[in-house]
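Biologist: Could you take me through one part of this predicted model slowly, as if I had just started my first year? Pick one residue, tell me what it touches, and then work outwards from there.

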Amino acid sequence: MEGRNREQRVFSVPEKVTGGGAVSYCWQQKLGNYLAVTGTNRAVAIYDRHGEQRDEINLPGVCTGMGWDKDGNTLAIIQEKNGIVYLWDANSHKTTQLESGLRKVPILGKHTKKIICGAWNSENLLALGGEDKCITVSNVDGDTIRQATVRADPSDIQFSEMKTDERSSIGEATVSVIVGKKTLYLYNMNDPDNPIELAFQQRYGNIMSYRWFGDGYIMLGFSNGFFVVISTHIKEIGQELYQTRDHKDELTGIAMSLELNKAASCGDNCVKIHDLTEMKEIYAIITLEDAGGHLDKISWTDDGQLLAVSTQQGAVHVYLTKLPVLGSANGTRLSYLTSLREQCEIEFKENKTWTFGDTEFLFEKKSSCYSLIALD
């Protein structure tokens, strides 16, 4: 059963702003108050959750990577021209520059060719994958903890925890990585001599993205439109717990919100949202009539309130997927929240809608004559 298109578009960043072509973006960790967007225009634009541009960081070269710290206080940006790291403070809106050569941890020699993916785990271990088809895990001092070889180029390396009968003292002890866009390689650091490589049906196409969730489950999206869920429990490994074809022509990205208990895939000209407790049901469909081409990536804020979708032409569209339940009634009058800045008030045959500038509602109380609304 397919759900209705219930999600509102909050704002869009057009391709003329990003320079067109490949675009990258990332939500502020935890709070999700800011969205950093960059393209081929050698600049990073910072937008608030209503689509107002709050700042712009001009760079000497095209941005090659950016990310927020775990608390969302600082955005780090690197670019192609030199080794300077740009740090944008979310509280002061000031940008500082850090010479990346100030403190280097020796990882030279671990890889003989270009490093193409990497990830940290919660215990500050660093996993790297290179064009030399080698996977390494190092500690913060640069010491090699584990090393493995794969059959093709690795991508999208992640840390998580496999579903095992005995829990690991290390915590996130499993390194997962896409190999040659066809298989998913699982390397358990507690059992390094027995890695697992999972292959999938050829008709699915290439692995585009994957996400860990729940008790050792993995959700994968494939280029030919397929959406698959597997378990990493040794008794279930290799079995598909759920499979559907979300998109007829192509799937380009997947996202997950544990806060909403929802998963989403994007492809063709739409986004399909599933409930994690009942994957067969499609909770909602967002159709992008004005996408102007193929969709690309998809990402939720940590609170699940906003969902961003980018296109391969360089645009980013943001949708409201969760609205705080906020309303009040008195006698024959009812008022309730209809968007982040809009309240609707109803009294029998009257229907009044109020919009409040750049602020969001915090709470509302009604008396017989008045509405009291607190704004952020």
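Modeller: Sure, let's start with K262 and the company it keeps. Setting aside neighbours within four places in sequence, K262 is in contact with M256, S257, I273, H274, D275, L276, Y283 and W300. The residue sits in strand β23, which covers residues 262-267. Is K262 buried or exposed? With a relative accessible area of 11%, K262 is buried. Its side chain also reaches the backbone oxygen of L260, at 3.4 Å.

Just before that strand comes N261, in the loop between β22 and β23. As a rule, most residues other than glycine have a negative phi. N261 goes the other way: its phi is positive, near 60°, and it isn't a glycine. N261 counts as partly exposed, at 27% relative accessibility.

Now zoom out to the sheet that holds β23. This is an open sheet of 4 strands in the order β22-β23-β24-β25, and the pairing is antiparallel. Which strands stand at the edges? They are β22 (253-257) and β25 (278-287); each has a single partner strand, so one side of each has no neighbour in the sheet. From one strand to the next, the twist averages 25°. In general, the strands of a sheet pair through backbone hydrogen bonds, either parallel or antiparallel.

You can follow one of these pairings in the model. Strand β24 (residues 270-275) and β25 run antiparallel and are joined by 6 bridges. Look for H274, whose bridge partner in β25 is I282. H274 is also one of the residues in contact with K262, so keep it in view.

The residue C270 deserves a quick stop too. Searching the whole structure turns up 0 disulfides. C270 is in none, and the nearest cysteine sulfur, that of C266, is 9.0 Å away; a disulfide would need the two sulfurs within 2.5 Å. C270 is buried, with a relative accessible area of 10%. Elsewhere, C26 is likewise in no disulfide, with the sulfur of C63 as the nearest one at 8.4 Å. C26 is buried as well, at 14% relative accessible area.

For another sheet, go to β14-β15-β16-β17. That order describes an open sheet of 4 strands with antiparallel pairing. Its edge strands are β14 (154-160) and β17, each pairing on one side only. Here the twist averages 20° from one strand to the next. Strand β16 (residues 183-188) pairs with β17 over 4 bridges, in the antiparallel sense. If you want a spot to click on, T183 stands opposite A199 in β17.

From β17, keep going along the chain and you get to some aromatic residues. Y204 lies in the loop between β17 (196-199) and β18, while F222 is in strand β19, so their pairing ties together parts that are 18 residues apart in sequence. How are the two rings arranged? The pair is tilted, with 5.1 Å centre to centre and 55° between the planes. Both Y204 and F222 are buried. They also belong to one aromatic cluster made up of F200, Y204, F222 and F226. Across the whole structure, a search finds 7 aromatic pairs.

The strands β18 and β19 make a hairpin with 3 residues between them, and G214 takes a positive phi near 60° there. Strand β18 (residues 207-213) is mostly covered, as 5 of its 7 residues are buried. It pairs with β19 (residues 217-222) in the antiparallel sense over 6 bridges. One bridge to find on screen is the one between Y210 and its partner in β19, L220.

There's one more backbone detail to compare with N261. K30 has a positive phi of about 65° although it isn't a glycine. You'll find K30 in the loop between β2 (24-27) and β3 (34-38).

Finally, step right back to the whole chain. How many helices and strands are there? The chain has 1 helix and 34 strands. Of its 376 residues, 47% count as buried. Among contacts with a separation of 6 or more, 40% come from residues 24 or more positions apart.

How values were computed: Residues are numbered from 1 along each chain as its sequence is written. This is a predicted model: local features need pLDDT of at least 70, side-chain atom pairs count only at pLDDT 80 or more; totals for chains, interfaces and linings use all residues. Side-chain values use heavy atoms; hydrogens and water are left out. Two strands pair if DSSP finds at least two bridges between them. Helices (H or I, at least four residues) and strands (E, at least two) are DSSP runs, numbered from the N terminus. Axes are lines fitted to C-alpha atoms, for helices over the stretch in contact, and angles run from 0 to 180 degrees between N-to-C directions. Buried means under 20% relative accessible area, exposed over 50%, partly exposed in between (1.4 Å probe, protein chains only). A polar contact is a pair of N or O atoms within 3.5 Å; within protein, one must be able to donate a hydrogen and the other to accept it, and residues adjacent in sequence count only if both atoms are side-chain atoms. Contact means heavy atoms within 4.5 Å. Rings of Phe, Tyr and Trp (its six-membered ring) pair if their centres lie within 6.5 Å; planes under 30 degrees apart count as stacked, over 60 as edge-to-face and the rest as tilted.
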